[in-house]
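Welcome! Please take a look at the sequence and the structure below, and then let us walk through them together, one topic at a time.

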Amino acid sequence: VVSRHMKSTNSISNINILDVIENESPPLLKEIWKKLGIKGNGFIIPSNVIDDFVDRNILSQSMFQGTSGGSILDNEHTEAFLQLLEGGSTGDAKMKKTAAAFYFHEHVVSIIKV
């Protein structure tokens, strides 16, 4: 979803989001599970998926602008996360498109700025 959003000329549409989730993701996940030797629907480390997406040119290293970490319940950590989402690593609030992958409790949520 993030890749499609960042590569689009406008914001990604709900139809495109559904297409990624329902049609593109399942076969990709099966290929990644197979490549990593994971049986069934086993847990995939998110960084392994990102590496695979970079290898497939779904994502590029130039799309990565920064990182923040820590507890989302900590105001300082949350502020750092929101600042990156707002303006990337340069802090340029005029950046029209930014996105983030938010990891918590073995879940990954994509957040896009539209």
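Helices (H or I, at least four residues) and strands (E, at least two) are runs assigned by DSSP, and they are numbered from the N terminus. With that naming in hand, Thr 9 can be placed in the loop between helix H1 (2-7) and H2. Keep in mind that this is a predicted model.

**The whole chain**

- How many helices and strands does the chain have? There are four helices and two strands.
- Following the sequence from its start, you meet them in the pattern α-α-α-α-β-β.
- Along the principal axes, the C-alpha atoms fill a box of roughly 40 × 35 × 25 Å.
- The chain has 114 residues, and 21% of them are buried.
- About 8100 Å² of the chain is exposed, and carbon and sulfur atoms supply 56% of that area.
- Take the contacts between residues at least 6 apart in sequence: 35% of them join residues at least 24 apart.
- The chain carries 11 positive and 13 negative charges, and the mean positions of these two groups are 8 Å apart.

**How confident is the prediction?**

- The average pLDDT of the chain is 82, and 92% of the residues score at least 70.
- Which element has the highest mean pLDDT, and which the lowest? Helix H2 (residues 14-36) has the highest, at 91, while strand S1 (residues 98-104) has the lowest, at 76.
- Where pLDDT is low, the predicted coordinates should not be read in detail.

**Two loops that flank H2**

- Is Thr 9, in the loop between H1 and H2, buried or exposed? Thr 9 has a relative accessible area of 76%, and the cut-off for exposed is over 50%, so Thr 9 counts as exposed.
- Thr 9 and Lys 97 are 88 residues apart in sequence, yet their C-alpha atoms are 9.8 Å apart in space.
- Gly 40 sits in the loop between H2 and helix H3 (46-55).
- The relative accessible area of Gly 40 is 54%, so by that cut-off of over 50% Gly 40 is exposed as well.
- From C-alpha to C-alpha, Gly 40 and Lys 30 are 8.5 Å apart, with ten residues separating them in sequence.

**Helix H3 and its end**

- Which residues of H3 are buried? Val 49, Asp 52, Phe 53 and Val 54 are buried there.
- H2 is part of what covers the buried residues of H3.
- Just after H3 comes Asn 57, which takes a positive phi of about 65°.

**Thr 78 in helix H4**

- Thr 78 belongs to helix H4 (residues 75-87).
- Why does Thr 78 count as buried? Its relative accessible area is 18%, and buried means under 20%, so Thr 78 falls on the buried side of the cut-off.
- Leaving aside residues up to four places away in sequence, Thr 78 touches Ser 71, Ile 72 and Leu 73.

**The pair of strands**

- S1 and strand S2 (residues 107-113) run antiparallel, joined by seven bridges.
- Where does Ala 99 find its bridge partner in S2? The partner is Ile 112.
- The two strands, S1 and S2, form a hairpin with two residues between them.
- In the turn of this hairpin, His 105 has a positive phi of about 45°.
- When you look at this hairpin, remember that S1 is the element with the lowest mean pLDDT, 76.

How values were computed. Residues are numbered from 1 along each chain as its sequence is written. This is a predicted model: local features need pLDDT of at least 70, side-chain atom pairs count only at pLDDT 80 or more; totals for chains, interfaces and linings use all residues. Side-chain values use heavy atoms; hydrogens and water are left out. Buried means under 20% relative accessible area, exposed over 50%, partly exposed in between (1.4 Å probe, protein chains only). Contact means heavy atoms within 4.5 Å. Accessible areas come from the Shrake-Rupley method with a 1.4 Å probe; for residues, only the protein chains shown count as cover. Lys and Arg count as positive and Asp and Glu as negative; His and the chain ends are not counted. The place of a charge is taken as NZ of Lys, CZ of Arg, CG of Asp or CD of Glu. pLDDT is the predictor's confidence in each residue, from 0 to 100. Two strands pair if DSSP finds at least two bridges between them.
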